[in-house]
Amino acid sequence: MARYENIVILTGAGVSAESGLGTFRDEGGLWAKFDPMKLATPEAFEADPDTVLGFYNARRANLADAKANAAHFALAELEQNWMLDGRANYLLVTQNIDDLHEQAGSAGLLHMHGELLKTRCTRCGHLFSDREDMTRERPCPGCGKAGGLRPHVVWFGEMPLGLDQIYAALDRCDLFVAVGTSGTVYPAAGFVAEARRGGAHTVELTLEPGEISDLFEETHYGPATEVVPHWVRGLG
Ligand code: BJW
């Protein structure tokens, strides 16, 4: 495999679009239809927990039938080839809360915006895998109290997960690749600049140019299921 020793991949909603999961900001996307300030902030949850829980319950139901696509599989294959080559520094950071990278077999994976199939209790902090509906009546399996369950996702104004690990990997990476993300949400949108500061080669694989495309040295545009496998094959 090619010359890189330390790879960081960042994925966004575009990598899962062809699996039938909507993106956020494209035409018909979630935030084009719904106001994120009323669904994806701690204040929205405080003001109207039933609406917020209902929104995430519906997305859990939608995720139940979704299958990993060729882009997820190509990234898992890249990781496996990299490990076989004896080069262990590979980190796949996803902004997505779906489980499609896991389905494809990715192991070195960090969900910086949380996971839809996990529930957290705001009363006791208990975190558990969960495919059921979250309701205010349902008791937490950890503390037994009702009223505290919320999706284990990162809302606007909350701290993304794993940032220390991500910035350490960005500092030492020599290849940074962003796949299917619009580059509108920080801190993820700042990762390309961070990687460039450390001297990494930067690649964008997405449907069309977006807000931060100028920051990438190499760009390939088209559907993720075509562009990602093609780029991965070229690397080998
Ligand atoms: C395809 C395709 C196909 C389509 N093939 N491609 C300035 C600086 C720093 C922070 C801020 C700032 N101003 C405001 C902030 C705060 C805020 C923020 O960034 N707001 C912006 C809107 C401006 N950020 C936060 O609040 C974050 N926390 C934070 O900053 O904490 C403090 C902190 C300070 C300093 C350091 C560190 C931390 C938290 C952000 C949480 C985001 N949460 C969500 C919801 C998660 C749960 C859920 O899913 O409901 O995360 S919002 C939503 O956006 C979701 C996504 O992960 C995220 C990114 O979206 P993504 O993936 O890019 O999707 P789209 O739809 O935007 O783009 C899809 C792309 O795919 C497009 O480009 C298409 O073209 C492409 N595409 N089809 C290939 N077939």
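How many bridges join strand 1 to strand 7? In this predicted model, there are five, and the two strands run parallel. Strand 1 covers residues 6–11, and strand 7 covers residues 175–179. If you want a spot to click on, try Thr11: its bridge partner in strand 7 is Val179.

Now zoom out to the sheet that these strands belong to. It's an open sheet of six strands, paired in the parallel sense, and reading across it gives the order 3-2-1-7-8-9. The edges are strand 3 (residues 109–111) and strand 9, each of which pairs on one side only. Going from one strand to the next, the twist averages 15°.

Something also packs on this sheet: helix 6, made of residues 163–172. The helix touches strand 1, strand 2 (residues 89–94), strand 3 and strand 7. Compare the direction of helix 6 with that of strand 2 and you get an angle of about 130°.

Next, step from strand 7 over to strand 8, which spans residues 201–206. These two pair in the parallel sense over five bridges, and Leu175 stands opposite His201 in strand 8. The connection goes by way of helix 7 (residues 191–197): strand 7, helix 7 and strand 8 make up a right-handed β-α-β unit.

On its other side, strand 8 meets strand 9 (residues 218–221), again in the parallel sense, this time over four bridges. Here you can look for Val203, which stands opposite Glu218 in strand 9. So is strand 8 mostly covered or mostly open? Mostly covered, with five of its six residues buried. As a rule, side chains in a regular strand alternate between the two faces of the sheet.

Finally, leave the sheet and have a look at His72, which lies in helix 4 (residues 70–84). Why does His72 count as buried? Because its relative accessibility is 0%, and the cut-off for buried is under 20%. What does His72 touch, leaving aside its neighbours within four places in sequence? The contacts are Val15, Ser16 and Ser19, along with Leu100, His101 and Ala104. Closer by in the chain there's a polar pairing to check as well: a polar atom of the His72 side chain lies 3.0 Å from the backbone nitrogen of Asn69.

Key. Residues are numbered from 1 along each chain as its sequence is written. This is a predicted model: local features need pLDDT of at least 70, side-chain atom pairs count only at pLDDT 80 or more; totals for chains, interfaces and linings use all residues. Side-chain values use heavy atoms; hydrogens and water are left out. Buried means under 20% relative accessible area, exposed over 50%, partly exposed in between (1.4 Å probe, protein chains only). Two strands pair if DSSP finds at least two bridges between them. A crossover is right-handed if, with the strands pointing away from the viewer, the path from the first strand over the helix to the second runs clockwise. Axes are lines fitted to C-alpha atoms, for helices over the stretch in contact, and angles run from 0 to 180 degrees between N-to-C directions. Contact means heavy atoms within 4.5 Å. A polar contact is a pair of N or O atoms within 3.5 Å; within protein, one must be able to donate a hydrogen and the other to accept it, and residues adjacent in sequence count only if both atoms are side-chain atoms.
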